[in-house]
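Hi everyone, thanks for making time. I'd like to walk you through one structure today, starting at the ligand and then stepping back to the fold.

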Amino acid sequence: RQLIAKEKPEALQDRPPVVTILGHVDHGKTTLLDAIRDTNVAGGEAGGITQHIGAYQVEHKNRLITFLDTPGHAAFTAMRSRGAQGADIVVLVVAANDGVMPQTREAIAHARAARVPIIVAMNKIDRPDANPDFTKKQLAEVGLVPDDWDGDTMVVPVSAKLRKGIDDLLEAILLVADTLDIKANPEGRVFGTVIEAKVDRAKGVVATLLVYNGTLETGDIVVAGKAYGRIRAMFDFRGRKLRKAGPSTPVQIMGLNDVPDAGELFLVYENEREARTVVEERLQQQQKRLASAPKI
Ligand code: GDP
């Protein structure tokens with residue numbers, strides 16, 4: 001955010017909103033992420049093969065929305081603890097047969113602390129024991145007053161299982177996005193966050209990056225935490241090769257020398273020497289901290 005603030009206001013352009021899905025266990029986060037991916041995957045061919053790289057994009061009314069597809073708080077909190085906002089909008093999944101539960105409250109607390117607006121996906125409305133009114137009452141009690149009750153929280157009834165209400169949810173996301181300042185400079189300094197990373201036997205270190213600002217390109221030199229390297233190849237969530245990735249685009253990259261942590265900020269540097277210096281300094285600082293830490 002501070003880095004975005006350095007961009008000239010006139011250079012900023014709208015970028016797709018980044019959405020994360022939170023909610024109580026078994027309320028349907030994974031099913032909802034699958035339903036959204038299957039019904040509206042960006043670039044057509046619904047039901048086509050998509051890779052789980054930690055994020056994907058869908059299209060609704062010719063606009064893109066980026067979803068982080070690691071459900072739960074871990075990824076969101078990891079990003080927040082490193083200063084990145086993590087997401088522009090939280091979709092809070094609440095099962096209409098179960099209502100507000102402990103992890104629902106936790107998710108609300110996380111979103112509020114990060115000042116990220118919440119949209120409620122009231123899930124499992126297909127169930128005979130679903131009780132939408134009671135669920136809304138519970139939501140109102142925790143401060144999420146539904147907009148049809150004169151509040152300002154959008155509560156969208158969905159059935160992730162039956163793929164119902166998905167378009168309404170996407171519509172709600174775009175409506176909320178329009179009230180926010182979701183912008184970046186595609187020509188500016190290139191940075192973003194690490195969504196996930198691992199070592200692949202064949203490909204070496206593969207990392208999913210979410211670009212916040214600028215345009216990431218093959219051949220760029222990236223520093224992410226204590227890892228650095230030149231991007232050898234870049235793929236989208238469909239496994240298609242990409243040369244460039246603008247703001248809010250998730251990409252899987254190859255070429256880092258080490259596995260960065262999820263939530264780590266990444267930056268592009270002019271040359272490899274500079275990148276190496278940055279990383280070496282970080283490693284030295286870490287060793288100093290370890291050396292000066294009290295021995296147990
Ligand atoms: P998560 O723990 O929040 O990721 O929840 P899951 O997506 O794994 O769903 C938990 C269970 O609820 C699974 O058995 C799903 O099939 C079921 N489920 C999810 N969405 C719906 C829904 O809309 N209707 C019904 N009836 N069941 C659902």
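So, the ligand site: 15 residues surround the ligand, and those that come nearest are Asp26, Lys29, Thr30, Thr31 and Asp126. Please keep in mind that this is a predicted model. By type, the shell divides into six charged, seven polar and two nonpolar residues. Helix 2, residues 29-40, gives the most to that shell, with three residues.

Now for some distances you may want to look at. In the side chain of Thr30, an N or O atom is 2.6 Å from an oxygen atom of the ligand. The backbone takes part too: a polar backbone atom of Ala160 is 2.9 Å from a ligand oxygen, and for Lys161 a backbone N or O atom lies 3.2 Å from an oxygen of the ligand. On its own the ligand has 580 Å² of accessible area, and the protein covers 74% of that.

Let's step back to the sheet. It is open and mixed, with six strands in the order 3-4-2-5-6-7. Strand 3 (55-60) and strand 7 (155-157) are the edges, each pairing on one side only. On average, neighbouring strands are turned by 30 degrees against each other, ignoring direction.

How do strand 6 and strand 7 run, and how many bridges join them? They run parallel, joined by three bridges, with strand 6 spanning residues 118-123. Across that pair, Val120 stands opposite Val155 of strand 7.

Two helices to finish. Helix 4 (residues 102-113) packs on the sheet, touching strands 2, 5 and 6, and its direction makes about 170 degrees with that of strand 5. Helix 5 (residues 132-141) also packs on the sheet, touching strands 5, 6 and 7, at about 155 degrees to the direction of strand 6.

Notes
Residues are numbered from 1 along each chain as its sequence is written. This is a predicted model: local features need pLDDT of at least 70, side-chain atom pairs count only at pLDDT 80 or more; totals for chains, interfaces and linings use all residues. Side-chain values use heavy atoms; hydrogens and water are left out. Two strands pair if DSSP finds at least two bridges between them. Helices (H or I, at least four residues) and strands (E, at least two) are DSSP runs, numbered from the N terminus. Axes are lines fitted to C-alpha atoms, for helices over the stretch in contact, and angles run from 0 to 180 degrees between N-to-C directions. Contact means heavy atoms within 4.5 Å. A residue is near a molecule or strand if one of its heavy atoms lies within 4 Å of it. A polar contact is a pair of N or O atoms within 3.5 Å; within protein, one must be able to donate a hydrogen and the other to accept it, and residues adjacent in sequence count only if both atoms are side-chain atoms. Accessible areas come from the Shrake-Rupley method with a 1.4 Å probe; for residues, only the protein chains shown count as cover. Ala, Val, Leu, Ile, Met, Phe, Trp, Tyr, Cys and Pro count as nonpolar, Asp, Glu, Lys and Arg as charged, and the others, Gly among them, as polar.
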